[in-house]
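Student: I have a sequence and a structure here, and I'd like to know how the labels people use are justified. Can we go through some together?

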Amino acid sequence: MLQRHPITHFLKMTVGRFLLPALLIMLGACDDDSTIVPGPRQPARRTVLIYMCAQNSLGWAHYTKSDSVEIMAGRNAIAENDRLLIFIDDGEAPRLMKVGSTTDQPVVVRRWESDINSASPETLREVVSWVQKYYPAEEYGLVMWSHADGWLPATGTEQPLTDKGTYSFGIDVGPGGNMGNDRDANGGTGTQMNITDMATALSESGVHMKYILFDACMMQNVESDYALRHVTDYIVAAPMAISAYGADYTGLLRQGLFSERVEDIVYTYYADVVDPAHSNKYGGYGVVISCVRTAGLEELARTVAEMLPRSALAGPNPTPMDTVQHYHPYTSSYYYRPHQYDLRCTLRQWLSDEDMARFDAVLSNVVTAKAASPRFWVGPQSWSFYQMDLQNYCGVAAFVPQATYTNHAAACPFGDLNEAFRQTEWYAATGWANFEKAALSMPTID
């Protein structure tokens with residue numbers, strides 16, 4: 001099965017050294033198998049739900065527990081009129097817990113009696129609706145915690161792919177599955193959630209999010225942002241494969257998850273990863289992270305659609321992609337996931353200076369914060385790093401059709417990525433159909 005968070009074996013296996021005895025309190029807060037329904041409450045200023053889809057290798061390696069310790073360490077920063085809820089599905093009985101500034105241990109407010117599929121859009125819809133009913137707020141934040149593939153078709157779902165279902169989040173191996181290698185009981189891929197199905201689930205929940213933070217790999221791409229544009233005001237995520245340790249939740253509780261400015265999540269996430277005090281977790285892994293304002297995405301799509309006919313793609317010799325900043329190695333070691341090209345660096349290759357200036361003006365209303373280390377680890381070797389184009393990047397990835405994706409389709413579990421791209425709303429909105437032939441003719445890097 002695919003390893004969604006590439007990180008060295010040493011780092012994965014030494015996480016247990018840093019766990020605290022409080023973990024036992026965290027996970028043993030309630031032995032009752034019944035559902036606990038809280039009484040009526042006054043609406044909070046903001047309710048934040050951390051949704052841990054962890055019945056997979058991340059749960060098996062206890063990253064849920066280390067993050068729980070971080071949450072307890074930062075709980076004092078939770079204001080009286082804010083609420084923090086944590087949903088965990090990690091192979092034990094799924095449960096929903098509340099953490100407050102004055103609680104010595106999490107309070108289990110709901111426990112499921114049998115296994116549920118946390119990578120199912122129906123489960124996400126039901127959990128979010130329940131949170132809104134019993135923990136109402138003026139606004140909501142959602143943290144989606146799990147494995148993820150960014151711009152890729154889901155390889156295992158409970159239901160047929162929707163006609164535009166081309167992005168995947170989470171892995172749930174289900175009862176009897178092997179969490180350590182992300183396989184279900186039949187030896188197949190654990191269930192994943194298409195991003196378009198995620199958008200539908202959130203829409204049907206009736207809860208419009210202030211922000212969604214993806215504490216997961218490769219989720220900051222313009223294609224999935226566009227698919228989620230109607231269900232959240234902001235999306236904070238990384239275009240790269242992040243460390244399996246993910247966010248430092250102590251820092252995010254103090255400055256980020258409940259801040260007035262969503263952009264604080266970006267700056268705090270970055271500062272924690274590069275902080276020498278956290279070198280026991282992150283070392284020199286590095287990170288690229290950004291915040292997207294979804295209200296600007298449709299104008300961005302219209303702008304790209306207007307400019308592509310005047311770009312190098314419309315000429316006889318499109319500029320190849322070999323020098324463009326990207327965030328992921330295209331290799332069989334990673335099952336031929338795509339390159340994850342930086343959106344701005346890509347357009348800079350093709351547009352005139354005049355069009356680029358206009359594009360930047362539109363982009364500035366979309367990417368409201370970004371941060372990047374000078375380099376970041378990509379693997380598969382321990383010495384494999386990419387350097388960052390700090391002068392030109394925007395921190396949002398984009399797919400660019402290339403012949404190599406079709407050439408390797410038979411060896412790629414996600415199929416022909418060029419064909420998958422054709423199913424996206426972003427493809428249609430930007431008029432890519434008129435320029436795909438030119439892109440496929442470009443020399444590419446494998």
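**How the labels are earned**

Tutor: Sure! This is a predicted model, and we can start with D149, which is buried at a relative accessible area of 2%.

Student: Why is D149 called buried?

Tutor: Buried means under 20% relative accessible area. D149 has 2%, so it gets that label. You'll find D149 in strand β6, residues 148-150.

Student: What makes the pair D149 and R337 a polar contact?

Tutor: Their side chains are joined at 3.2 Å. The cut-off for the N or O atoms is within 3.5 Å, so 3.2 Å fits.

Student: And D182, why is that one called buried?

Tutor: Its relative accessible area is 1%, and the limit is under 20%, so D182 counts as buried. D182 sits in the loop between β7 (168-172) and β8 (191-194). D182 also has a positive phi of about 60°, although it is not a glycine.

Student: Why is Y335 called partly exposed?

Tutor: Y335 comes out at 30%. Buried needs under 20% and exposed needs over 50%, so 30% lands in between and Y335 is partly exposed.

Student: Where is Y335 found, then?

Tutor: In the loop between α10 (297-307) and β12 (341-342). Y335 has a positive phi of about 60° and is not a glycine.

Student: Last one: which kind of peptide bond joins G379 and P380?

Tutor: A cis one, with omega at about 5°. P380 belongs to the loop between β14 (375-377) and β15 (385-387).

Technical notes
Residues numbered from 1 in each chain as written. Predicted model: local features only at pLDDT ≥ 70, side-chain atom pairs only at ≥ 80, totals over all residues. Heavy atoms only, no water. Helix = DSSP H or I, 4+ residues; strand = E, 2+ residues; numbered from the N terminus. Buried < 20%, exposed > 50% of the residue type's maximum accessible area, 1.4 Å probe, protein only. Polar contact = N/O pair within 3.5 Å; in protein donor to acceptor, adjacent residues only side chain to side chain.
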